[in-house]
Amino acid sequence: MKYDFDTFVDRENTNSIKWNYAKEYVGFEDVLPMWVADMDFETAPEIKQAIIDRAQHGIYGYTKRSEGYYQSIIDWSQKRFNWKIEKAWITHSSGVVNALFTSLRALTGQNDGVMIQPPVYHPFYHAIKTCGCRVVLNPLKIVNDRYEVDIEDFEKKLIEEKVKIFVLCNPHNPTGRVFTLDELTAMGKLCVKHGVVVISDEIHGDLVYKGHRHIPFASISEDFANNSITCTAPSKTFNLAGLYTSNIIIPNETLMKKYQDSCERADINSFNIFGAIACEAGYRYGEEWLDQLMDYMDGNRNFVLDFIRERLPQLKAYEPEGTYLLWVDCNGLEKTKEELERFMLEKARLWINQGYIFGSGGEGFVRINLACQRSTVVEAMARLESAIKNL
Ligand SMILES: Cc1ncc(COP(=O)(O)O)c(C=O)c1O
């Protein structure tokens, strides 16, 4: 491998929320942090160098996004997903959650129905409720050890709950599903039929394992493109979350205007020059790094899947097709959600996300962030095995 993912990078004293606030957040010090979705790897060296080069200049005044910036997004989309986007379709946000808030404020009124597919990324609930909307649930169902869309329930809910917006999470956090063309088409057609706009959160779209393919929802047809807002970002891909840079793709002019008016009203049009530099460098020069990252992640994923299968029969892990997250059913430990949380912190000494925060279907599960050195993954499994043995 040209790039090094094995060397441990000390994140102490960096104000990392993942590493530096255990005592404050969960009351324990000596816990291995595998929770919030950022990675323990340095970003691609090409990105680091681009930031250093710009930082050397010394003046960081008001700046515009460059033509090269837009072109890098257009090229990346074409190269990685065969999706031809236009510059006029690209707008921005400091983050994907922020874009969700902006979109909901732009497109909904009080008590409008917004549908999501639990167990799902927890800030969706918060955004929907904070914007005064109603959360409508279309839970994923488990079929042959895999999460699938319940398409009958999907249409039923669109109609009965008068849904206005569907927030798609693809690849899906926390289950790791990468939805297929058939699944996306089925959902997209129902949304067009019932006049429901799709906000497609594709922040994990670059993080897909071999054998699976991320298909941008809007790339499927002109109808879908015209009926959607796609949220993309280099942040998960290249570990840049602290640079607050996301790109939002809106082919439909009317939706674009509403989105931009919503930004205008909240005065959120500014951006961070280092975020833009990093994004452009990643999309231009980061492809090889990303491919090697996913090979490394595949090793982490397989190590943990094998370990759980062979040595922890009380647990059941769902093989992720994308994302660096692992969704594990711990109901076999027969613990209440409070007991499970305490067990993971106090006995296993693991700081991981508890499944109940992802809503319906999440209780008794945990989400483990595997984007760390192999040695950390090995240590985590050893801790878990020893804690379970001592039960
Ligand atoms: C599905 C999903 N959407 C959005 C985010 C957060 O994105 P941002 O930091 O850009 O708001 C995350 C982070 O974990 C995520 O998993």
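Let me start with one pair of side chains: aspartate 295 forms a salt bridge with lysine 210, and the closest N and O atoms of the two are 2.8 Å apart. Please keep in mind throughout that what we are looking at is a predicted model, so that every value here is a computed one, because the atoms come from a prediction.

To place that pair, consider how the chain is divided: domain 1 is made up of residues 22-44 together with 288-389, whereas domain 2 covers residues 59-285. Aspartate 295 thus falls within the bounds of domain 1, and lysine 210 within those of domain 2. Across the interface of these two domains the rule finds 5 salt bridges.

How many residues of each domain are in contact? On the side of domain 1 there are 31, and they touch 34 residues of domain 2. The area buried between the two domains is about 2900 Å², with carbon and sulfur atoms giving 58% of it, while the C-alpha centres of the domains lie 26 Å apart.

Let me turn now to a pair of helices. Helix 4, residues 96-107, packs against helix 10, residues 253-266, at an angle of about 110 degrees, and their axes are 8 Å apart. Angles of 65 to 115 degrees count as roughly perpendicular, and helix 4 and helix 10 are therefore described in that way. On the helix 4 side the residues involved include Ala99, Thr102 and Arg105, and among those they meet in helix 10 are Leu255, Lys258 and Tyr259. Sorted by class, this contact has 6 nonpolar, 3 polar and 3 charged residues.

Technical notes. Residues numbered from 1 in each chain as written. Predicted model: local features only at pLDDT ≥ 70, side-chain atom pairs only at ≥ 80, totals over all residues. Heavy atoms only, no water. Axes fitted to C-alpha atoms, helices over the stretch in contact; angles between N-to-C directions. Helix = DSSP H or I, 4+ residues; strand = E, 2+ residues; numbered from the N terminus. Parallel < 35°, antiparallel > 145°, perpendicular 65-115°, else oblique. Contact = heavy atoms within 4.5 Å. Nonpolar A, V, L, I, M, F, W, Y, C, P; charged D, E, K, R; others polar. Domains from an automatic or database assignment. Buried area = accessible area lost by both parts, 1.4 Å probe. Salt bridge = Lys/Arg side-chain N within 4 Å of Asp/Glu carboxyl O.
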